[in-house]
Amino acid sequence: MMQGMRIVGGTPLNGTVKISGAKNLALPALVATLLTDAKITFSNVPNLSDVNCILSLLESLGSKYENDTKGTITISTPTILSHIAPYDIVRKMRASILVLGPLLARNHAAKVSLPGGCAIGARGVEMHLEALKLMGVDIALNDGYIDASAKKGLFGANIKLPFPTVTGTENVLMAATLAKGKTRIQNAAKEPEISALIDLLTLMGAKIEGKGTSEIIVNGVDSLRGTCFEIMSDRIEAGTYAIAAAITKGKLFLEGARYCDLKIFLDTLQNSGLTVLENENGITIAGRDSIKPCSISTGPYPGFPTDLQAQYTSLMTVANGTSTITENIFENRFMHIPELLRLGANISIHGNTATVNGVKSLKGAQVMATDLRASVSLVLAGLAAQGTTIVNRLYHLDRGYEALETKLKLCGANIERFNI
Ligand code: EPZ
């Protein structure tokens with residue numbers, strides 16, 4: 001059933017938003033359980049369609065799980081019943097590529113559909129494959145599938161990633177935990193979700209050094225054990241609600257958010273004149289009448305997160321002047337811009353840079369969501385626009401935001417989901 005969101009803008013948001021567990025940690029963490037036959041219990045898991053998708057993929061591979069849908073999931077994979085990750089699952093969610101490393105480590109064979117591109121870019125996986133080949137994996141590409149095998153198991157290797165790919169780092173990291181010998185990963189991604197994944201793998205008995213740096217050393221072990229693990233707060237969700245406070249000139253307390261996970265982003269909000277205060281339980285964001293334009297350029301962590309670029313662009317459409325937004329991670333992550341123009345924004349695009357001339361106010365209209373973060377940037381714009389905004393194709397939104405309209409309504413937003 002197609003659904004839409006109807007937003008009547010103009011109300012400053014005030015109150016507390018409980019930030020959910022991080023989608024981009026929950027996905028690799030659940031996949032990491034393939035590495036052992038023991039039981040692992042997760043808490044603070046977000047209730048998202050992407051989480052349900054990875055659970056059904058893991059179940060098809062042999063995992064058994066209980067999900068109370070209130071954040072607690074207990075999962076184990078006594079044996080690998082299948083090593084095939086089918087196209088119809090992988091094409092819907094690229095993160096499925098993460099099963100490649102753990103399947104090879106545990107089962108020495110894996111057949112994973114090539115993810116194919118998605119709205120925001122080609123999103124190749126060749127860096128994942130080249131790294132696994134160095135670890136003794138034979139890889140063939142047949143009929144759109146990655147046919148991978150390691151008859152003698154995996155061997156430690158020196159791997160230098162051409163780019164700090166997030167899931168590429170995670171795939172190799174998980175594979176290396178059970179490889180024979182030492183693996184050195186250079187130019188590794190340093191996102192907080194990767195440090196948290198290292199915490200999980202270490203609790204499971206993996207031997208890993210270099211957490212939080214771009215050089216990770218893994219000494220392979222024979223097997224891993226079960227554990228309990230809490231999923232960290234979702235920094236991208238937190239950043240999204242920070243923009244909600246700023247764009248509606250309201251004041252929100254983001255419960256569970258941590259400044260250190262979003263430093264450059266929150267520093268930028270402070271430079272644009274917003275109040276940002278952290279305490280031990282979260283972060284308070286207070287908007288103000290006039291927003292100073294601040295230009296940004298996305299980059300790998302600790303740079304400005306690409307996953308907050310669309311949301312930040314929405315804020316700059318009503319800033320008091322001109323700013324530039326440069327997207328360096330994905331080649332097609334400006335699809336929210338034509339939709340923002342429909343709301344009265346004044347933006348021009350040249351290559352990977354958008355120039356945003358702030359306007360006094362946006363005006364509500366019907367707009368189309370194209371990908372996860374673009375969809376939420378349109379909701380944010382609708383919260384500030386005069387009149388009513390309708391956002392279509394909400395399935396994009398439900399991949400990464402738990403109970404979005406409930407959380408916004410609790411802070412005073414006039415927002416309603418409806419069936420089309
Ligand atoms: C992860 O995607 C996140 N997904 C993305 O979040 C996030 O935008 C991205 O990292 C960048 O931070 C998950 O963690 C599940 P990359 P990933 O490999 O790992 C190119 C969201 O909104 N590349 O770091 O797929 C790639 O095409 C999602 O929650 C290759 O060309 O991103 C991209 O242009 C969207 N070949 C760039 O590198 C490769 O082998 C960064 O990709 C690998 C990557």
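Tutor: In this predicted model, we shall sort residues by a simple rule, in which Asp, Glu, Lys and Arg count as charged, Ala, Val, Leu, Ile, Met, Phe, Trp, Tyr, Cys and Pro as nonpolar, and the others, Gly among them, as polar.

Student: How many residues of each kind make up the shell around the ligand?

Tutor: The shell divides into 8 nonpolar, 6 polar and 7 charged residues, and 21 residues surround the ligand, the closest being Thr 165, Thr 167, Asp 307, Ile 329 and Arg 373.

Student: What makes the approach of Asp 307 to the ligand a polar contact?

Tutor: A polar contact needs a pair of N or O atoms within 3.5 Å, and a polar side-chain atom of Asp 307 lies 2.6 Å from an oxygen atom of the ligand, so the pair meets the definition. The side chain of Arg 94 also has an N or O atom 3.0 Å from a ligand oxygen, and for a polar side-chain atom of Asn 24 the distance to an oxygen atom of the ligand is 3.1 Å. Taken alone, the ligand exposes 820 Å², of which the protein buries 89%.

Student: Which elements give two or more residues to this shell, and which gives the most?

Tutor: The elements are α1 (23-32), α5 (126-134), α6 (166-176) and α12 (372-384), and α5 gives the most, with 3 residues. As for domains, at least three residues of the shell come from each of domain 1 (3-19 + 233-419) and domain 2 (23-228).

Student: Why is α6 called mostly covered?

Tutor: A residue is called buried when its relative accessible area is under 20%, and 10 of the 11 residues of α6 are buried, including Thr 167, Glu 170, Asn 171 and Leu 173. At the start of α6, a side-chain oxygen of Thr 165 reaches to within 2.9 Å of the backbone nitrogen of Gly 168.

Student: Why is Leu 81 called exposed?

Tutor: The word applies to a relative accessible area over 50%, and Leu 81 has 63%, so Leu 81 is exposed. Leu 81 is found in the loop between β5 (73-76) and β6 (84-85).

Student: How do you know that Leu 81 is in contact with residues beyond its neighbours within four places in sequence?

Tutor: Contact means heavy atoms within 4.5 Å, and, with those neighbours left aside, Leu 81 is in contact with Leu 61 and Gly 62. The C-alpha atoms of Leu 81 and Leu 61 are separated by 5.4 Å, although the two residues are 20 residues apart along the chain.

Key. Residues are numbered from 1 along each chain as its sequence is written. This is a predicted model: local features need pLDDT of at least 70, side-chain atom pairs count only at pLDDT 80 or more; totals for chains, interfaces and linings use all residues. Side-chain values use heavy atoms; hydrogens and water are left out. Helices (H or I, at least four residues) and strands (E, at least two) are DSSP runs, numbered from the N terminus. Buried means under 20% relative accessible area, exposed over 50%, partly exposed in between (1.4 Å probe, protein chains only). A residue is near a molecule or strand if one of its heavy atoms lies within 4 Å of it. A polar contact is a pair of N or O atoms within 3.5 Å; within protein, one must be able to donate a hydrogen and the other to accept it, and residues adjacent in sequence count only if both atoms are side-chain atoms. Accessible areas come from the Shrake-Rupley method with a 1.4 Å probe; for residues, only the protein chains shown count as cover. Domain bounds come from an automatic or database domain assignment.
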